[in-house]
Amino acid sequence: MKIYDLIIIGSGPAGITAGIYAKNFGLDALIVGKEPGGLINTAFKVENYPGIFNISGKDLTKKFEEHRKYLKIDLKKQRVENIKKLKDIFKVFTEKQEYLCKSLILAFGTETRKLNINDKFDGKGVEYNASGNFKNKIVGVVGGANSAVMSAISLSKEAKKVYLIYRKDKLRADDIWVQRVKKIKNIEILYKNNVIDLIGEKKLKKIVLQDKELKVDNLIIEAGYTPNTYLINELGIKTDEKGYINVNEKQATNISGVFAAGDITDASNEFRQITTATAEASVAVLGVFNFLKT
Ligand SMILES: Cc1cc2nc3c(=O)[nH]c(=O)nc-3n(C[C@H](O)[C@H](O)[C@H](O)COP(=O)(O)OP(=O)(O)OC[C@H]3O[C@@H](n4cnc5c(N)ncnc54)[C@H](O)[C@@H]3O)c2cc1C
């Protein structure tokens with residue numbers, strides 16, 4: 001079986017950047033990622049990436065994909081289910097295939113935090129991103145950070161009414177988004193509120209808050225993200241107490257030959273952005289290059 005110099009797990013901003021730099025460094029690399037673009041796909045607008053000052057997350061993803069294809073960087077759209085270390089090489093298992101490599105960059109980001117209620121309405125009114133068709137619908141959005149506020153703004157353009165439901169008394173999104181959301185007439189912000197129950201038969205019909213019930217067609221959960229830890233545990237990779245991978249200034253983990261980049265790490269002062277993910281990925285590839293030389 002072929003042994004790659006490097007396998008990059010994840011095809012978000014960090015994974016794609018790692019692929020680009022691996023190509024620059026002449027490494028024989030493969031990206032294995034479930035979905036090109038990663039989290040940025042769900043961003044309504046990106047306005048802070050240099051040179052591209054106003055773009056939807058989906059269009060930025062298209063640009064990343066164009067760049068990847070232009071450089072002929074190999075991407076397998078598969079889900080990695082396990083990684084094993086066999087002496088000096090690693091074996092990466094997906095639902096379809098197995099791959100071997102001399103080094104790894106872990107760039108598999110985070111996953112959406114679920115509400116601690118039943119999940120019987122998942123996909124039946126309860127969604128984890130706002131990219132569907134919500135024309136003339138009444139929609140609840142749970143959360144108060146950038147992702148929730150941006151989703152509410154994007155939904156307000158087609159939905160009849162949007163409730164932004166947040167457990168604290170002040171939104172924690174960037175000020176620019178807080179100012180925008182407050183000006184939109186069909187968005188009602190419900191502070192100090194939690195969704196405590198979901199009502200419906202086959203499909204969600206109502207949500208129950210502490211002090212009232214609201215009729216909604218959909219509920220979008222944007223209650224934050226948690227690190228994907230299941231791939232890390234078996235390799236014995238060290239993380240912080242929340243599960244984010246500990247890396248040093250070279251983006252190296254505690255396991256020789258394994259590097260990490262992007263939202264999954266504890267680096268960049270925990271400022272989880274496209275710019276930090278891409279920067280960490282380029283540093284990680286330099287680390288891999290030097291590791292393979294020795
Ligand atoms: C709504 C929203 C708006 C945002 N807006 C901005 C913004 O305006 N500007 C900004 O800089 N940042 C923004 N961000 C943050 C930005 O999206 C993230 O910081 C960035 O996407 C992190 O990149 P990443 O590659 O580390 O992780 P991710 O983007 O999470 O990518 C991880 C990748 O790994 C894949 N993956 C996960 N598990 C596996 C597995 N087992 N096998 C294979 N593949 C796997 C995923 O499918 C995905 O492709 C926003 C985030 C959200 C949610």
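Start your tour by selecting α3 and α4: α3 passes α4 in a left-handed crossing. Keep in mind that you're looking at a predicted model. To find the pair, pick residues 146-156 for α3 and residues 175-182 for α4. Their axes sit 10 Å apart, and the two helices pack at an angle of about 35°.

Now show some side chains. On the α3 side, click Asn146, Val149, Met150, Ala152 and Ile153; facing them from α4 are Trp177, Arg180 and Val181. Try colouring this contact by residue class: you'll get 6 nonpolar residues, 1 polar and 1 charged.

**Next stop: α1 and α6**

Select residues 13-24 for α1 and residues 274-293 for α6. Which way does α1 cross α6, left-handed or right-handed? Turn the view and have a look: the crossing is right-handed. The packing angle is about 35° here, and the axes are 8 Å apart.

Zoom in on where they touch. From α1, bring up Pro13, Ala14, Thr17, Ala18, Tyr21 and Ala22. Across from them, α6 offers Ile274, Ala277, Thr278, Ala281, Ser282 and Val285. Colour this set by class too, and you'll find 9 nonpolar and 3 polar residues, with no charged ones.

**Last stop: the ligand**

Leave Ile274 selected, as it turns up again here. Select the ligand and then the residues around it, 37 in number; those that come nearest are Glu35, Val80, Tyr230, Asp263 and Ile274. The helices you've just visited come back as well: α1, α3 and α6 each give at least two residues to the shell, and so does α5, at 230-233. By class, the shell splits into 16 nonpolar, 15 polar and 6 charged residues.

Now go looking for polar atoms along a short run of the chain:

- Arg272: one of its backbone N or O atoms is 3.3 Å from a ligand oxygen.
- Gln273: here a polar side-chain atom lies 3.0 Å from an oxygen of the ligand.
- Ile274: a polar backbone atom sits 2.8 Å from a ligand oxygen.

Before you go, switch on the surface. How much of the ligand's area does the protein bury? On its own the ligand would expose 1000 Å², and the protein covers 94% of that. For a final view, keep Ile274 on screen: this residue meets α1 as part of α6, and is also among the residues nearest the ligand.

Note on methods. Residues numbered from 1 in each chain as written. Predicted model: local features only at pLDDT ≥ 70, side-chain atom pairs only at ≥ 80, totals over all residues. Heavy atoms only, no water. Axes fitted to C-alpha atoms, helices over the stretch in contact; angles between N-to-C directions. Helix = DSSP H or I, 4+ residues; strand = E, 2+ residues; numbered from the N terminus. Left-handed = near helix turned anticlockwise from the far one by under 90°. Contact = heavy atoms within 4.5 Å. Nonpolar A, V, L, I, M, F, W, Y, C, P; charged D, E, K, R; others polar. Near = heavy atom within 4 Å. Polar contact = N/O pair within 3.5 Å; in protein donor to acceptor, adjacent residues only side chain to side chain. Areas by Shrake-Rupley, 256 points an atom, 1.4 Å probe, with all protein chains shown as cover.
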